[in-house]
Amino acid sequence: MSDALDASLRLVRAQTALVKRFDASLSGLHGVSLADFTMLLRLGQAAGGRMRRVDLAETLGLTASGVTRGLAPLERIGLVTRETDARDGRVAYAALTGTGRERLTDMLTTAEQIAAEVFATPTWSKEDIGLLSALLTRLGGTGLPGHGAPPP
């Protein structure tokens, strides 16, 4: 087996383990999955707490229909609402509701705690985390705005 394939399979396994860990905590405490949290987080970071659905899809690396399917349950539970553009009725926005903003704040606290546990010292140094972030960025990974990874 090639080193590249081995590294790829390790990355997939690590990603699966992280998703399970985040899903368990976010679901248990807040009733949302990691995918739901990621959508809410991106909306929360957008100007005015809203984004065109097509832009949200691009940001998350999803299809437009994938975003629509992901937003539907969040709309049903009142965390997100659908808005149309006043000038162009064909343009649809996803927007956080007041409840969505409040719940996102709580979810962020939970996500920060999980991340701190995953990257706890002494196993992970600040330099290790920075290097990992830079390497994942090279693979096309994106993180939080303002948290650019330095080149390795």
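Student: In this predicted model, which backbone nitrogen does a side-chain oxygen of S33 reach at the start of helix 2?
Tutor: S33 sits at the start of helix 2, and the contact there runs from a side chain to the backbone. A side-chain oxygen of S33 comes to within 3.3 Å of its partner. That partner is the backbone nitrogen of A35.

Student: What distance does helix 2 reach from its first C-alpha to its last?
Tutor: Helix 2 has twelve residues. At 1.5 Å a residue, the expected reach is 16 Å, and the model comes close to that. From first C-alpha to last, helix 2 reaches 16 Å.

Student: Which residues of helix 2 are buried?
Tutor: Buried here means under 20% relative accessible area. In helix 2, that group includes the charged residues D36 and R42. The full set is L34, D36, F37, M39, L40, L41, R42 and L43.

Student: At what angle do the axes of helix 2 and helix 3 cross?
Tutor: Helix 2 covers residues 34-45 and helix 3 covers residues 53-60. Their axes come within 11 Å, and the crossing is right-handed. The angle is roughly 120 degrees.

Student: How do the residues of the contact of helix 2 with helix 3 divide into nonpolar, polar and charged?
Tutor: Helix 2 brings T38, M39, R42 and L43 to the contact, and helix 3 brings L56, T59 and L60. Sorted by type, these residues are four nonpolar, two polar and one charged.

Student: Is R53 buried or exposed?
Tutor: R53 lies in helix 3. Outside the residues up to four places away in sequence, R53 touches V67, T68, L71, E75, R82, A92, Y93 and A94. Its relative accessibility is 9%, so R53 counts as buried.

Student: Which peptide bond is cis, with omega near 5 degrees?
Tutor: Most peptide bonds are trans. The cis bond in question leads into P122, a residue in the loop between helix 5 and helix 6. It is the bond from T121 to P122.

Student: What separates the C-alpha atoms of A120 and R50?
Tutor: A120 also lies in the loop between helix 5 (98-118) and helix 6 (126-138). It counts as partly exposed because its relative accessibility is 31%. A120 and R50 are 70 residues apart along the chain, and their C-alpha atoms are separated by 33 Å.

Student: Leaving aside neighbours within four places in sequence, which residues are in contact with L132?
Tutor: The place of L132 is in helix 6. L132 has a relative accessible area of 27%, so it is partly exposed. The C-alpha atoms of L132 and G31, 101 residues apart along the chain, are separated by 30 Å. The residues in contact with L132 are F119 and W124.

Student: In what order do the elements of the protein chain run from the N terminus on?
Tutor: The secondary structure comes to six helices and three strands. With α for a helix and β for a strand, the order is α-α-β-α-α-β-β-α-α.

Student: What share of the residues in the protein chain is buried?
Tutor: The C-alpha atoms fill a box of roughly 50 × 30 × 30 Å along the principal axes. Among contacts with a separation of 6 or more, residues 24 or more positions apart account for 49%. Of the 152 residues in the protein chain, the buried share is 27%.

Methods
Residues are numbered from 1 along each chain as its sequence is written. This is a predicted model: local features need pLDDT of at least 70, side-chain atom pairs count only at pLDDT 80 or more; totals for chains, interfaces and linings use all residues. Side-chain values use heavy atoms; hydrogens and water are left out. Axes are lines fitted to C-alpha atoms, for helices over the stretch in contact, and angles run from 0 to 180 degrees between N-to-C directions. Helices (H or I, at least four residues) and strands (E, at least two) are DSSP runs, numbered from the N terminus. A crossing is left-handed if the near helix is turned anticlockwise from the far one by less than a right angle, and right-handed if clockwise. Contact means heavy atoms within 4.5 Å. The expected span of a helix is 1.5 Å times one less than its number of residues. Buried means under 20% relative accessible area, exposed over 50%, partly exposed in between (1.4 Å probe, protein chains only). A polar contact is a pair of N or O atoms within 3.5 Å; within protein, one must be able to donate a hydrogen and the other to accept it, and residues adjacent in sequence count only if both atoms are side-chain atoms.
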